[in-house]
Amino acid sequence: MSKSLEGEKKLRTFIKVLIILVIIFIISFYFHLRPENNNEILNENHTKETPMSVNQQVSNKNIKKPYKRPKSGLSTFIGESSDKIINKYGKPIRRDPSAYDYEWWIYHKEDESYFQVGVYKGKVVTIYAIGSNNNISPFRIGEDVKDIYQNIALDPDITVEYDNGTYQLELSEEDLNIRPLVQLGSIYAQLSFDKFKGTLSSIRFFDKAALIKQNPYEMNYRGQLIKPMPIVESLWRSIEIGSEKQIFDITNIIRQRFSLNKLEWDQQTADVAYNHSKDMFVEKYFSHESPKYGDLENRLQSAHVFYQLAGENIAAQYLDAPSAVEGWLNSEGHRKALLETEFTHLGVGVYQKYYTQNFIEKSWER
């Protein structure tokens, strides 16, 4: 993804800005959202769909200066000692390792206040929040995209100076429409939009190092690229288990957002999901149908999982659990599975960066 800065950087940046301005001019007359004309529910076989543009009601006069660092809310903990988080919110319900050096501290007293804190060497380096009651100033979960874009500094190229290095993050049109990056003084906020509702679904705050290590956008750099430490084999399963639990939690929070029933964890179904993720990784394919073990129906039957209705979402190469769920939410077919009213149980299986969630309406017949 990364490459050295070259001489044509200025020309490329100029072209990108010109394209963005043309898009803004075209869409400034109206704002609307509509789902893709896609009737497939569980058969998309790619990791990320190109989303329908969120047609921002933005013009040149609406492009504002970058936000200042907020004085209240979760973002104020970025860069602070992890002790301050404990003093404010108590101890986390669990601690999950990540693939990016930091440890996720999970705060989940209730769905409306769910957030995750990334702690590295005793410091808060990133925070992910999806609960609607969290203070994520200057934004709020559920906020209308139109309102955000009235104030947001829309910039396709963001330059980060860190540790004698220069990093230029290049946001695509897709990035700008569903996961833009906003500078808040010395930190950064990645906004995740629900393109079907046209609202802010979740937010992620980063310090500079965590943003560069996670590398969520196309990036050019000058100097030495900082990367997360290589993951030893013995640590992967702990990371995967944490990701499985996070996907389960976040899925239920999203369902609660739409007034749907909470899903219960089903370990047998989770084992089927894990085996499928591992099979895709080992056999180097990406599909709902395994060359060895067949489709979801075959795999559930082989595992003696009894059900009346079943569905499956898969993803690959997403950065982590929250990004995978947000990707599913913005894909029409995967979204249908996430929000299916008849499902009662869920099993999640993660193998490195392959993700599978299997939904079932449980049957007790044998």
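Two strands are taken to pair if DSSP finds at least two bridges between them. With that settled, good morning, colleagues; please bear in mind throughout that what I present is a predicted model.

Let me start with the pairing itself. Strand β14, residues 345-351, and strand β15, residues 354-362, are antiparallel partners joined over seven bridges. Within this pairing, Val350 has Tyr355 of β15 as its bridge partner. Both strands belong to an open sheet of four, ordered β12-β14-β15-β13, in which the pairing is mixed. Which strands stand at the edges? They are β12 (264-265) and β13 (307-316), and each has a single partner strand, so one side of each is left without a neighbour in the sheet.

I turn now to the helices that accompany this sheet. Helix α6, residues 233-257, lies across β12, β14 and β15, and it runs at about 145° to β14. Helix α9, residues 321-329, packs on the sheet as well, where it touches β13 and β15. The direction of α9 makes about 60° with that of β15.

A third helix, α7, spans residues 267-283 and contains Ser277. Is Ser277 buried or exposed? Its relative accessible area is 0%, and buried means under 20%, so Ser277 counts as buried. Setting aside neighbours within four places in sequence, Ser277 is in contact with Gly349, Val350, Tyr351, Tyr354, Tyr355 and Thr356. That list includes Val350 and Tyr355, the bridge partners I mentioned a moment ago. In addition, the side chains of Ser277 and Thr356 are joined by a polar contact of 2.8 Å.

Next, the nonpolar interior. In soluble globular proteins, nonpolar side chains tend to be buried together. Here the largest nonpolar core holds 80 residues, and those touching the most other members are Val117, Ile127, Ile136, Phe139, Leu191 and Phe205. Taking Ile136 as the example, and not counting residues up to four places away in sequence, we find that it touches Leu74, Ala129, Ile141, Leu200, Ile203 and Phe205. There is also a second, separate core of six residues, among them Met280, Tyr285, Ile314 and Ala316.

Finally, the aromatic residues. The count of aromatic pairs comes to 13. One of them is formed by Tyr107 and Phe115, which are stacked, with 4.9 Å centre to centre and 5° between the planes. Tyr107 and Phe115 are both buried. Together with Phe77 and Tyr89, Tyr107 and Phe115 form one aromatic cluster.

Thank you for your attention.

Terms used:
Residues are numbered from 1 along each chain as its sequence is written. This is a predicted model: local features need pLDDT of at least 70, side-chain atom pairs count only at pLDDT 80 or more; totals for chains, interfaces and linings use all residues. Side-chain values use heavy atoms; hydrogens and water are left out. A nonpolar core is a set of buried Ala, Val, Leu, Ile, Met, Phe, Trp, Tyr and Cys residues joined through side-chain atoms within 4.5 Å. Buried means under 20% relative accessible area, exposed over 50%, partly exposed in between (1.4 Å probe, protein chains only). Contact means heavy atoms within 4.5 Å. Helices (H or I, at least four residues) and strands (E, at least two) are DSSP runs, numbered from the N terminus. Axes are lines fitted to C-alpha atoms, for helices over the stretch in contact, and angles run from 0 to 180 degrees between N-to-C directions. A polar contact is a pair of N or O atoms within 3.5 Å; within protein, one must be able to donate a hydrogen and the other to accept it, and residues adjacent in sequence count only if both atoms are side-chain atoms. Rings of Phe, Tyr and Trp (its six-membered ring) pair if their centres lie within 6.5 Å; planes under 30 degrees apart count as stacked, over 60 as edge-to-face and the rest as tilted.
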